[in-house]
Amino acid sequence: RMKEDGKNNYNIFKPSPNSSGIEQLTLENSIRKALREEEFVLYYQPQIDTLTGNIIGTEALVRWNHPTLGLVPPAKFIPIAEETGLIVPLGEWVLRTACIQNQIWKEKGYPPMSVSVNLSSRQFSKQNLVKTITEILHETHIDPQYLELEITESMTMNVEVAIEVLGRLKELGIQICIDDFGTGYSNLYYLKLFSIDRLKIDQSFVRDIMTDSNDADIVATIIAMAHNLGIDVIAEGVETKEQLDFLRSQNCHEVQGFYYHRPLPAEQIEQLLMKTMEIDTKL
Ligand code: C2E
Ligand code: MG
Ligand code: MG
Ligand code: MG
């Protein structure tokens, strides 16, 4: 399945297959500059426990606040950042910023929430991922159980290396989630081997739950399998009440999607948290 492309197409972000290396180089240099000038910004999308209605976590999603183009979605620059290796410094910035923000919310007294951060395979294979994360945990004082790393099944990585690195990350006490679950090659054996904490059902299955019985069957099967293996499961891309009801009927109670909230800037997440606290104290 193809991932949905962003709605806005900016030419400089669409190097065509036969485009000159110049365009690619321009974009690479722009990303480098954007990192230096701190033009990247994190949005956070709430993850909801539908049994309580509580926000149990957020997923940090990067955007490029471009001086002339405005807010650029990750689909426009993450692929080039990955190709050029710039995903390593960008990814480190994302990790650090997400941990700092989550810790700020905790220190302000909001109920504990986890923060999920997407990881690229380029970062994963980097020797010092464990070292970087150890430093970030130290610096930010985030409780490691509230940091979740999202990896995908399609990440190209050496199995031995993956076992070793994931094992060391687990020793640090952080959580591991498989993102876009169902779209890659799932070797079920690895779920146990890699001590995965959570599966995130890909939004392409959730989208057609009500219209495609195959997708409904696949979603139901993933949920049942996760439960049998003792792995948590969250559905992403939930947009309608019907999708939500179906997921709940299958005992999937953690969801993320536009039905509840779009990804939001940190200030807006805080407003949501404040509202939730007000409701709690009124009860
Ligand atoms: P993802 O990790 O699977 O993130 C979920 C994407 O689905 C987000 O798009 C989110 O806005 C969107 N989404 C959430 N709920 C709904 C819904 O109900 N309906 C629809 N139609 N879409 C929904 P976004 O923010 O554009 O990110 C796209 C992808 O870019 C992410 O997919 C992830 O693969 C990548 N990405 C984003 N931030 C980072 C990052 O910091 N590092 C890396 N390596 N990749 C990132
Ligand atoms: Mg993700
Ligand atoms: Mg996903
Ligand atoms: Mg868990």
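**Exercise 1. A salt bridge inside one helix**

Being 4 residues apart in helix H6 (residues 159-172), Glu-164 and Arg-168 are separated by about one helical turn. Keep in mind that this is a predicted model. Work out whether these two side chains count as a salt bridge, and say how buried or exposed each partner is.

*Solution.*
- Step 1: look at the gap. The closest N and O atoms of Glu-164 and Arg-168 are 3.6 Å apart.
- Step 2: apply the cut-off. A salt bridge needs a Lys or Arg side-chain nitrogen within 4 Å of a carboxyl oxygen of Asp or Glu, so Glu-164 and Arg-168 do form one.
- Step 3: check the exposure. Glu-164 is partly exposed, with 46% relative accessibility. Arg-168 is partly exposed as well, at 40%.
- Step 4: put the pair in context. The count for the model comes to 14 salt bridges.

**Exercise 2. The donors of one magnesium ion**

Find the protein donors of the magnesium ion (ligand 2) and say where they sit in sequence.

*Solution.*
- Step 1: list the donors. They are Glu-59 through OE, Asn-118 through OD1, Glu-150 through OE and Asp-179 through OD. These lie 2.0 to 2.2 Å from the ion.
- Step 2: write the spacing. Along the chain the donor residues follow the pattern E-x58-N-x31-E-x28-D.
- Step 3: place two of them on the fold. Glu-59 belongs to strand S2 (residues 54-66) and Asp-179 to strand S6 (residues 175-181), so the pair ties together parts that are 120 residues apart in sequence.
- Step 4: ask about burial. Both Glu-59 and Asp-179 are buried, with Glu-59 at a relative accessible area of 3% and Asp-179 at 6%.

**Exercise 3. The other magnesium ion, and the shared residue**

Which residues coordinate the magnesium ion (ligand 3), and which residue coordinates both this ion and the magnesium ion (ligand 2)?

*Solution.*
- Step 1: read off the donors. Asp-179 (OD), Asp-180 (OD) and Glu-236 (OE) coordinate ligand 3 at 1.9 to 2.4 Å.
- Step 2: write the spacing, which is D-D-x55-E.
- Step 3: see what gets linked. Asp-179 in strand S6 and Glu-236 in strand S8 (residues 232-236) are 57 residues apart, and the pair links distant parts of the chain.
- Step 4: check Glu-236. At 8% relative accessibility, Glu-236 is buried.
- Step 5: spot the bridge. Asp-179 coordinates both magnesium ions, which are 4.1 Å apart.

**Exercise 4. What surrounds strand S6?**

Describe how S6 is covered and how it pairs with S5 and S7.

*Solution.*
- Step 1: count the buried residues. In S6, 6 of its 7 residues are buried, so the strand is mostly covered.
- Step 2: take one neighbour. Strand S5 (residues 147-152) runs parallel to S6, and 5 bridges join them. Here the magnesium donor Glu-150 stands opposite Cys-177 in S6.
- Step 3: take the other neighbour. S6 also pairs in the parallel sense with strand S7 (residues 198-201), over 3 bridges. Ile-178 has Leu-199 in S7 as its bridge partner.

**Exercise 5. A lysine among the acids**

Which salt bridge does Lys-200 form with Glu-59 in terms of atom distance, and what network do these residues belong to?

*Solution.*
- Step 1: get the distance. The closest N and O atoms of Lys-200 and Glu-59 are 2.8 Å apart.
- Step 2: locate the partners. Lys-200 sits in strand S7 and Glu-59 in strand S2, 141 residues apart, and the pair links distant parts of the chain.
- Step 3: check the lysine. Lys-200 is buried, at 0% relative accessibility.
- Step 4: widen the view. Salt bridges link Glu-59, Glu-150, Lys-200 and Glu-236 in a network. Of these, Glu-59 and Glu-150 are donors to ligand 2, while Glu-236 is a donor to ligand 3.

**Exercise 6. A long-range pair with unequal cover**

Is Glu-270 buried or exposed, and how does its salt-bridge partner Lys-108 rate?

*Solution.*
- Step 1: confirm the contact. Glu-270 and Lys-108 form a salt bridge, with the closest N and O atoms 2.9 Å apart.
- Step 2: place the pair. Glu-270 is in helix H11 (residues 266-282), and Lys-108 is in the loop between helix H3 (87-107) and strand S4 (114-118), 162 residues apart.
- Step 3: use the cut-off. Buried means under 20% relative accessible area, so Glu-270, at 15%, is buried. Lys-108 has 48% and is partly exposed.

Technical notes
Residues numbered from 1 in each chain as written. Chains lettered and ligands numbered in written order. Predicted model: local features only at pLDDT ≥ 70, side-chain atom pairs only at ≥ 80, totals over all residues. Heavy atoms only, no water. Donors = N, O, S within 2.8 Å, 3.2 Å for Na, K, Ca; no water. Helix = DSSP H or I, 4+ residues; strand = E, 2+ residues; numbered from the N terminus. Buried < 20%, exposed > 50% of the residue type's maximum accessible area, 1.4 Å probe, protein only. Pairing = 2+ DSSP bridges.
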